[in-house]
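Reader: Could you walk me through reading aromatic contacts and surface patches in a model?
Author: Gladly; let's open the structure first.

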Amino acid sequence: IAIAAWETSSGRPVFGRPSSDQPVWRRLEIIAVAIMMIAAGLLRVVAIENYPIALHNDEMSCMIEARGFLESKTGLFNVGWLSCPNLGFFLTSLALRILGPTLSALRLSSVFWSLVPLIAMYPLVRRLFGVRPALLLLLLTTPFHWHLHFSRTGFLYMQAASLTVVAVLLFAIAIDRRSPVLFGLSGVVTGIAFQTYYAAWLTPLILAAWAVARLLSDHTQGKIAIKGLAAAIVLFVVTLAPLLAHYIQHPDGTTSRSRQVFLFSEKNRRHVQAAYGTSDPTELLRLNAVRIGRFLVDRAGDGSVQYGLQGRFFDPYLLPFILAGVAYSLTLIRLSGGQLLWIWFLGTVAAGGLLTIDAVFSPRLIGITVVILLFPSLLADRVFRFRWISDRKWFKVAATLIFSAVFVGSTWWNLQTAFVRYPPESRIGNRDRIIRIASDLGDVRTVSYTH
């Protein structure tokens with residue numbers, strides 16, 4: 001409010017001046033985005049109480065913590081289960097307050113937070129790369145099983161992913177419009193994101209690294225970004241201040257989670273030696289890099305129980321285009337969008353995978369579920385822009401048919417994975433299926449289950 005008042009008194013627009021080089025919004029584009037968002041919403045709400053079948057204890061812990069706000073027993077600027085900041089549980093409690101403290105309400109909270117990054121990534125990608133990559137990313141992410149799974153569970157993960165996207169979007173618009181207010185709002189959203197799931201702690205680093213990258217490659221835009229980053233940092237600290245007061249009084253809580261998952265933590269020395277067969281730092285990093293590589297391109301599967309999908313994570317139809325898109329995106333490294341994409345992707349892989357124990361643990365990589373399919377989207381856009389395709393009707397038709405076939409195959413594979421293959425494969429799904437049946441029967445007192 002103070003920044004907005006200062007801008008107004010100085011005769012400048014509160015939200016800056018829009019850039020003239022942004023593509024015009026057209027009716028057909030808006031209709032297409034609306035249809036895809038409706039489809040994304042339907043895929044995330046259908047039979048949400050029954051799929052996923054598993055009732056993970058972490059999901060139930062989120063419910064318990066959120067219910068504390070319904071009973072006014074929980075402080076907002078404090079930490080709760082697993083030392084997670086309480087603000088994330090408060091955001092979950094809003095759905096419980098409206099719909100009641102049920103499993104469906106808990107999971108519908110994640111549905112909302114999963115739709116936020118989908119709709120926020122669209123203007124971000126549109127601004128940095130154009131309309132077609134933005135449409136393709138939304139199209140491919142809508143049925144993506146990894147994003148779909150965590151959209152339908154009651155964890156805090158989607159809050160982190162969504163608020164990160166919103167913070168980056170505000171920062172990108174602020175650079176374009178030279179708006180101190182938008183830079184400040186980006187800092188506020190980053191401060192809120194910081195108080196959800198730990199994956200969002202990477203957000204300020206993404207913004208800072210991107211600002212420095214812009215300064216190195218485009219001095220004029222970089223100076224705007226660096227000055228704006230200062231405003232964002234101030235508002236970030238202000239937003240975080242009440243929780244910082246708690247951390248000052250309880251300093252162990254600040255690093256408790258990182259000590260539990262950091263690959264080189266003294267606390268994990270014995271576990272790492274047993275799991276990896278070595279304590280050499282270079283070898284540990286190499287082994288984790290191999291694990292992450294196999295997770296991305298092979299059938300290594302997920303080490304978490306929160307998802308735990310075994311086998312291939314990326315469908316065989318789209319995987320070649322993802323790999324080719326990664327190679328193509330290296331040519332964009334000097335561009336603003338290319339720098340952001342690689343900082344976001346590599347930063348998440350390093351912080352959530354390379355430097356953590358028991359990699360790959362898919363919740364820690366939740367931040368890349370909204371950006372990884374940008375690689376094939378950018379590749380497809382480049383193919384359609386080739387002159388010998390764009391200028392020849394039948395070549396364009398052929399390219400469209402090929403992409404459509406890949407999309408149909410990819411969608412079928414992802415939906416099969418989410419709703420058909422994964423439920424019986426879930427490690428705790430069989431146990432919880434029995435619990436659900438016993439609960440429906442009503443008079444069952446004890447369940448004995450041997451795996």
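Author: We will take ring pairs, then charges over rings, then a surface patch. This is a predicted model, where local features need pLDDT of at least 70, side-chain atom pairs count only at pLDDT 80 or more, and totals for chains, interfaces and linings use all residues. Residues are numbered from 1 along each chain as its sequence is written, and side-chain values use heavy atoms, leaving out hydrogens and water.

Reader: How many aromatic pairs are there by the rule?
Author: Rings of Phe, Tyr and Trp (its six-membered ring) pair if their centres lie within 6.5 Å; planes under 30 degrees apart are stacked, over 60 edge-to-face, the rest tilted. Here the count is 29 aromatic pairs. One of them is tilted: tryptophan 25 with tyrosine 122, 5.8 Å centre to centre and 50 degrees between the planes.

Reader: Are tryptophan 25 and tyrosine 122 buried or exposed?
Author: Buried means under 20% relative accessible area, exposed over 50%, partly exposed in between (1.4 Å probe, protein chains only). Tryptophan 25 is partly exposed at 44%, while tyrosine 122 is buried at 2%.

Reader: Which charged end sits over the ring of tryptophan 25?
Author: The test is NZ of Lys or CZ of Arg within 6 Å of the ring centre and within 35 degrees of the ring normal. Arginine 126 has its charged end 4.0 Å from the ring centre of tryptophan 25. Likewise, lysine 393 lies over the face of tryptophan 394, at 5.4 Å.

Reader: Which residues make the nonpolar surface patch?
Author: Patch residues have over 30% relative accessible area and no salt bridge (Lys or Arg side-chain nitrogen within 4 Å of an Asp or Glu carboxyl oxygen); nonpolar side chains (Val, Leu, Ile, Met, Phe, Trp, Tyr) are joined within 5 Å, like charges within 9 Å. Trp388, Trp394, Phe395, Val397 and Leu401 make a patch of about 590 Å². Tryptophan 388 is partly exposed, at 47% relative accessibility.

Note on methods: Accessible areas come from the Shrake-Rupley method with a 1.4 Å probe; for residues, only the protein chains shown count as cover.
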